[in-house]
Amino acid sequence: MTIEGKRVLLIVSGGIAAFKALELIRLLRGCGCGVTCVLTTAGAQFVTPLSLQALSECKVYTDLFSLTDESEMGHIQLSRSADLVVVAPASADILAKMAAGLAGDLASTLLLATDKPVLVAPAMNMRMWQHAATVANMALLAARGIHVVGPDEGAMACNEFGPGRLTEPPAILAAIEALLAPARPLAGRHALVTSGPTHELIDPVRYIANRSSGRQGHAIAASLAELGARVTLVSGPVSVPDPIGVTVKHVESAQQMLDACQAALPADVAVFAAAVADWHVARAASGKIKKLPGAAPPALELVANPDILATVAQSGPRRPRLVIGFAAETDDLMANAQAKRARKNADWIVANDVSPATGIMGGEENVVHLITQDGVEDWPRLAKQEVARRLAARIATVLR
Ligand code: C5P
């Protein structure tokens, strides 16, 4: 797949790196990709509309309140006329405007109005990049699904050395290709993913559950779908939205989760990221249990839940080729995870330390160790989405 015939709306904001936008346009045009440029007032201090126009062979837009431009193409239509919006270079200012949802000029208005994916290539002084405001803005944008490439580390125009250099145009082109013509190594494969907690009823208003936001499992389902897999996500009650392009089965209890998993088989890969409750109440009350003054609290008789991972991993000919479990532990992480892999007949275990001090539970980031038949890989602290992307890429190397 190529990006020939696709169209990019390229927003060039202010910064010394703006001249590299010219090289990016040349590369995109060389691939047969159409480019429409938008230049901010600050960007125009570094490159001219004429040079962007000459290379893109297309009209350059600069003004939100231009009568001529609006009569040719309204700004809302302009924001949606391309397959992808790219901001390169993306200054601290435009990133802050995006994070805040400001729309005071043409570029920020287009970014707020677009319904297309957005890729930003930040470029700024390293102190600006590392400032808490920029760090918070980037986290917000990433959580909203904005794609980011770079910045690189190196010598800067201001004689400092560090992260903040605009990543080179070939790397920006590669990121654009990955978004517009993604590799789909899992096309034709079926992936089953569990996510979130299960709720085990005590009575109609009370339940037993494990803590789980569903962020990691949902991100894994989304990443597998991005690589072309058909994905069935069996999710317990969560507040995160259903991932796009995934079939979601909503369940409450462990028994319902098992039933939904078995109904979804056969699958080529199964990833069990759900935090399944270990027990359910033997006889859930059909009406709300009354809290009577002076009365002893009710005694709950608990019964073990089915182990969904172990059941699917031991399901004979219906066993997926690759079965992956999670081990969230607060103590003896690696020993417990290794034992779990053997006991449950999983191929891989993704082990993570969920002690309260790590902030992983419910947070945006995760530190995991991948245990396979070949040993243990220690992954660095990554956004949960990045853990998901890496895991999906590893799965693709096995299933391709
Ligand atoms: O035994 P433990 O709950 O620590 O095992 C964790 C792994 O097993 C996770 O992958 C989890 O999704 C899976 N599991 C399951 N069914 C259960 C309990 C855990 O699928 N009843």
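# Loops, a parallel sheet and a buried helix

Glu57 lies in the loop between α2 (49–56) and β3; helices (H or I, at least four residues) and strands (E, at least two) are DSSP runs, numbered from the N terminus. The model is predicted, so local features need pLDDT of at least 70 and side-chain atom pairs pLDDT 80 or more, whereas totals for chains, interfaces and linings use all residues. Residues are numbered from 1 along each chain as its sequence is written, and side-chain values use heavy atoms, without hydrogens or water.

The backbone at Glu57 has a phi near 55°, a positive value in a residue other than glycine. Most residues other than glycine have a negative phi. Glu57 counts as exposed because its relative accessibility is 62% (buried means under 20% relative accessible area, exposed over 50%, partly exposed in between, with a 1.4 Å probe and protein chains only). Asp332 may be read alongside Glu57. Its phi, near 45°, is likewise a positive value in a residue other than glycine. Asp332 is placed in the loop between β17 and α13 (333–344), and it is exposed because its relative accessible area is 59%.

The loop that holds Glu57 leads to β3, and from there to a sheet. Six strands make up this open sheet, in the order β3-β2-β1-β4-β5-β6, with parallel pairing. Its edge strands are β3 (60–61) and β6 (147–148), each of which pairs on one side only. Strand β2 (residues 34–39) runs parallel to β3, and two bridges join them (strands pair if DSSP finds at least two bridges between them). At this edge of the sheet, Cys37 stands opposite Val60 in β3. Just along the chain, the charged end of Lys59 sits over the ring of Tyr61, 5.4 Å from its centre (NZ of Lys or CZ of Arg within 6 Å of the ring centre and within 35 degrees of the ring normal). A second such arrangement involves Arg394, which lies over the face of Trp348 at 5.4 Å from the ring centre.

Strand β4 (residues 84–90) of the sheet contains Pro89. The peptide bond that joins Ala88 and Pro89 is cis, with omega about -5°. Most peptide bonds are trans. Another cis bond runs from Leu265 to Pro266, where omega is near 5°. Pro266 is not in a strand but in the loop between α11 (254–264) and β14.

Further along the chain, His199 occupies the loop between β9 and β10. His199 counts as buried because its relative accessibility is 14%. Which residues does His199 contact, leaving aside its neighbours within four places in sequence? They are Tyr207, Ile208, Ala209, Pro237, Glu252 and Ser253, where contact means heavy atoms within 4.5 Å. Ile208, one of these contacts, also belongs to β11, where it stands opposite Glu200. Strands β10 (residues 200–203) and β11 (residues 206–208) are antiparallel and pair over three bridges. Together they form a hairpin with two residues between them.

Helix α10 follows, covering residues 215–226. Its 12 residues reach 16 Å from the first C-alpha to the last, close to the 16 Å expected at 1.5 Å a residue (1.5 Å times one less than the number of residues). Is α10 mostly covered or mostly uncovered? It is mostly covered, with nine of its 12 residues buried. These are Gln216, Gly217, His218, Ala219, Ile220, Ala221, Ser223, Leu224 and Ala225. The elements against which the buried residues of α10 pack are β9 (190–195), β12 (230–235), β14 (269–272), β17 (322–329), β19 (365–366) and α14 (384–399). After α10 comes Gly228, whose phi is positive, near 100°.

These parts belong to a chain with 14 helices and 22 strands. Of its 400 residues, 47% count as buried. Along the principal axes, the C-alpha atoms fill a box of roughly 80 × 55 × 45 Å. Among the contacts in the chain with a separation of 6 or more, 67% are between residues 24 or more positions apart.
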